[in-house]
Amino acid sequence: MTTQHRGHRIVVVGAGYTGMFAAVRTARRTRRLGARITLVNPSPRFTERLRMHQVAAGGRLADHRIADLLAGTGVEFVQGRAVAIDPQARRVTVERTAAGGSGAGPDARHGVTDLPYDTLVYALGSRTDTTRVPGADHHAVTLDDPRAAHEFGARLAALAATGGRVTVSGGGLTGVEAAAELAESHPGLEVTLLSRGVPGAMMGDRARAHLDHVLARLGVTVRAGADVTKVLPGAVELAGGAQVPSDLTLWTAGVRVPDLAARAGIETDARGLVVVDDRLRSVSHPEVYAIGDAAAVRQAWGQVHGTCQSGLPTAQHVADTIARTLRGRAVRRFRFGYFHQPVSLGRRDAVIQFTYADDAPRRAYLRGRWAVAYKEFVSAGPVVMYRLSRRMNVTAVLSRGGRATRSAAGGGGRAVMPLPRGRRAENMGR
């Protein structure tokens, strides 16, 4: 066994879906190399963002502690917020949000820790953008913060009893899931879904027809072509001045990423995503890898958009690339293709649109109770994967894009874990 890279310091910033998987898988793949891996995150809990619409409707998430998910991996968890990166000195400055973990430097006693790294995995992800529409940051709730979502859910029951009005702004799949969940959980509510485009427009005709049917059955009022210009304490204002009365407003439109990488001088695109090569290394700082929503990843078919479905494969690829690099082996190019668009429509219905590599809809789709089981498998998959990955190499990749990526990347596919009854799906979602 080589000792050349013993003590190699790997820092993973962000413990969302991708950061958690990257840390756990890297630990397993480098366990005989003596690498030292540190995972940084402000909260001690792992948040299942795929289930946050359930929280907004009054449900509760399982309490997954990051330390428990890392147990036995050798990964050190530092609870704190990364506030600066110094690529020249190769260190991350962390403001601790709680005691715990061993860090670096005398400043740790003052709540600030400098973590040196040889390799940095940037996995800070994205948040809902409430900055583009006046009032959205003050008068609307997002699904980013579990505490705020819990408070939102707690207010719904009382509001439903009085026939209150709730508005969901944003007709993407997250907004659709939230509107359906709210309407099903609280039939007394008057739920309105506002969308610039047609909700579910990326789906095929039959899957979209089922989505429309379920929203109508649940009593959700859909206003397509609605351009929100302002969020008020008791209403949402549209272009032209019309107002939609709203006792509670849930904001799911748009995303933005932290500016940490850009401030550090790491090359980013116009949206603030780290520009990476075909190995997912920063083009300006090759010791930095970016994954998930934080990375501007291109394939031969086009730009990868930020989802859990695409994020977990980037985490797997980077973990494997780091391990192969430390062993002095050739590394592979990243190849990815989309496979499905899983959408829950309350607890008793769902629709799964199967897709081509570029996320365009195929003819095949799934609806009803089988789609509910499929979606639950997808939502539960990441936590199961983390636990299994402590003992074995579990793949998050179903599709590498086939012909759509082969010409640019080369290489073949891998076997994946099967779904029950012979169906296969990625352990991921939005």
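Visitor: How many bridges pair β1 with strand β2 (residues 36-41), and in which sense?
Guide: This is a predicted model, where local features need pLDDT of at least 70, side-chain atom pairs count only at pLDDT 80 or more, and totals for chains, interfaces and linings use all residues. Residues are numbered from 1 along each chain as its sequence is written, and side-chain values use heavy atoms, with hydrogens and water left out. Strands here are DSSP runs of E with at least two residues, helices are H or I runs of at least four, both numbered from the N terminus, and two strands pair if DSSP finds at least two bridges between them. For β1 and β2 the count is five bridges, and the sense is parallel.

Visitor: Which residue of β2 is the bridge partner of valine 12?
Guide: Helix α1 (residues 17-29) joins β1 and β2 in a right-handed β-α-β unit; with the strands pointing away from the viewer, the path from the first strand over the helix to the second runs clockwise. Within β2, valine 12 has as its bridge partner leucine 39.

Visitor: Why is strand β1 (residues 9-13) largely enclosed by the rest of the structure?
Guide: Strand β8 (residues 119-122) also runs parallel to β1, joined by four bridges, and valine 13 is partnered there with tyrosine 122. Buried means under 20% relative accessible area, exposed over 50% and partly exposed in between, with a 1.4 Å probe and protein chains only. β1 is largely enclosed because, of its five residues, the number buried is four.

Visitor: What is the order of the open sheet of three strands?
Guide: Its pairing is antiparallel, and five bridges join β23 to β24 (residues 350-355). The edge strands, each pairing on one side only, are β23 (340-344) and β25 (361-367). The order is β23-β24-β25.
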